[in-house]
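Could you walk me through this structure, step by step? I am new to it and would like to know where to look.

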Amino acid sequence: MSVPSSADRLSQLEADGFVVIRGILRGSRLEELRNAGQQAEELGRSGRWPHVRTVGKQFPPWAFDPDKGIWGVQHLMDTELPGHEIFTRQYFSEEILGIVRELLRCQDDELIMELFNMLVRPESEFELRWHRDDIPDGASAEEEMQRLGRPAFHAQYNLALWEDDSLIVVPGSHKRPRTDTERKAGPFEKTLPGQLTVKLGPGDIVFYNNNILHRGVYDSGKDRATLHGSVGHVGGSTLRARNVLQHGIGSFVNRVEFGRLSSPERQRAEGMRARLVKLGSESGEVGYSLQG
């Protein structure tokens, strides 16, 4: 299998707004995460872990509703969640952060701890509307470009523990405002010109600019467990604050445990956490990026 070079990965991310890397997880590490993910999913579905994404609601805040079910489990690194140490070790691993440094063209001391959640099979059919994560649907072309014209200052990713073809993107749309066709199509249009379904196998990862035009289509009849994370860059400052802090990470960030990490990883993780805490203290009330 041909493995893309660092330059190729960065070039594809900049051109298309996403890049897929095959097989970064295999063997016992993949199986360990599957087991921890299954336990977290069962807790979320039963209501014993209340930090979930509720079917029928696309954006935070969410609240557990047994009549609607879930499509995601939040706060994987919270020490109150069984298996948190397995997820924490994965989030701060070199296999992830090494790629992040390449894509953000930075060093460890510029990275900021952000989010780590898991996307799962919904109990009923559920689709996300076309959106950019931090740009409202009603934004004008000029307003879109005010944000798209700046660096992304993040590396967001989906890491599949099983096969996953839920993410649909419009390649290149992270660099331009919506076309007239995209604006007229409506948020739940089934297809847009040039769209592409990102197909991941077990252990594959896709990094993507979260302001690429994208949506999710979730099949209630197909098992899914996909780790959904993001890592920030200090250059983002308050530009990234709302996108991250709206998920409630401030409620548990100080108790995340780094005891299962190696010494260099622990030092890196402590620095990333400190920069997140600093961001939170400087940002105040951030509200929510999108509604619905």
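## A guided walk

Let us begin with a helix that sits inside: seven of the eight residues of H3 are buried, so this helix is largely enclosed by the rest of the structure. Please keep in mind that you are looking at a predicted model. The buried residues of H3 are His84, Ile86, Phe87, Thr88, Arg89, Gln90 and Tyr91.

Which helix can we find packed with H3 (residues 84–91)? Look for H2, which spans residues 27–46. The axes of H2 and H3 come within 9 Å, and they cross at roughly 130°. Because angles over 145 degrees count as roughly antiparallel and those from 65 to 115 as roughly perpendicular, this pair falls into the remaining class, and H2 and H3 are therefore oblique to each other. Their crossing is left-handed. On the H2 side, the contact is made by Arg29, Glu32, Leu33, Ala36, Gly37 and Ala40, and on the H3 side by Ile86, Phe87, Arg89 and Gln90. Sorted by class, the contact of H2 with H3 has five nonpolar, two polar and three charged residues.

A second helix pair is worth a visit. Helix H1 (residues 6–16) packs against helix H4 (residues 94–104) at an angle of about 60°, and their axes are 9 Å apart. That makes H1 oblique to H4. Here the crossing is right-handed. From H1 come Ser6, Arg9, Leu10 and Leu13, which meet Ile99, Glu102 and Leu103 in H4. The residues of this contact divide into four nonpolar, one polar and two charged. A general point helps when you look at such faces: an α-helix has 3.6 residues a turn, so residues three or four places apart point the same way.

Now turn to the nonpolar interior. The largest nonpolar core has 56 residues, and among these Phe92, Met113 and Phe207 touch the most other members. Strand E4 (residues 111–120) gives the most to this core, with seven residues. Take Met113 as a place to pause: leaving aside neighbours within four places in sequence, Met113 is in contact with Met77, Tyr91, Phe92, Ile249, Val253, Val256, Met272, Arg273 and Leu276. Apart from the largest core lies another, of 10 residues, with Phe18, Ala160, Val169 and Tyr208 among them.

Ala160 makes a good landmark for that other core. You will find Ala160 in strand E6 (residues 154–160). Is Ala160 buried or exposed? Its relative accessibility is 0%, so Ala160 counts as buried. Beyond its neighbours within four places in sequence, Ala160 is in contact with Leu200, Gly201, Pro202, Gly203, Asp204, Ala225 and Thr226. Ala160 and Val120 are 40 residues apart in sequence, and their C-alpha atoms are 10 Å apart in space.

Two further stops complete the walk. Arg268 has its place in helix H8 (residues 263–283). With a relative accessible area of 8%, Arg268 is buried. Not counting residues up to four places away in sequence, Arg268 touches Phe92, Ser93, Glu94, Leu97, Arg101, Asp108 and Arg275. Phe92 may look familiar, as one of the residues that touch the most other members of the largest nonpolar core.

Lastly, go to the loop between strand E3 (70–73) and H3, where Gln74 lies. Gln74 is buried, with a relative accessible area of 4%. From C-alpha to C-alpha, Gln74 and Val217 are 19 Å apart in space, and 143 residues separate them in sequence.

Terms used
Residues numbered from 1 in each chain as written. Predicted model: local features only at pLDDT ≥ 70, side-chain atom pairs only at ≥ 80, totals over all residues. Heavy atoms only, no water. Axes fitted to C-alpha atoms, helices over the stretch in contact; angles between N-to-C directions. Helix = DSSP H or I, 4+ residues; strand = E, 2+ residues; numbered from the N terminus. Parallel < 35°, antiparallel > 145°, perpendicular 65-115°, else oblique. Left-handed = near helix turned anticlockwise from the far one by under 90°. Contact = heavy atoms within 4.5 Å. Nonpolar A, V, L, I, M, F, W, Y, C, P; charged D, E, K, R; others polar. Core = buried A, V, L, I, M, F, W, Y, C linked by side-chain atoms within 4.5 Å. Buried < 20%, exposed > 50% of the residue type's maximum accessible area, 1.4 Å probe, protein only.
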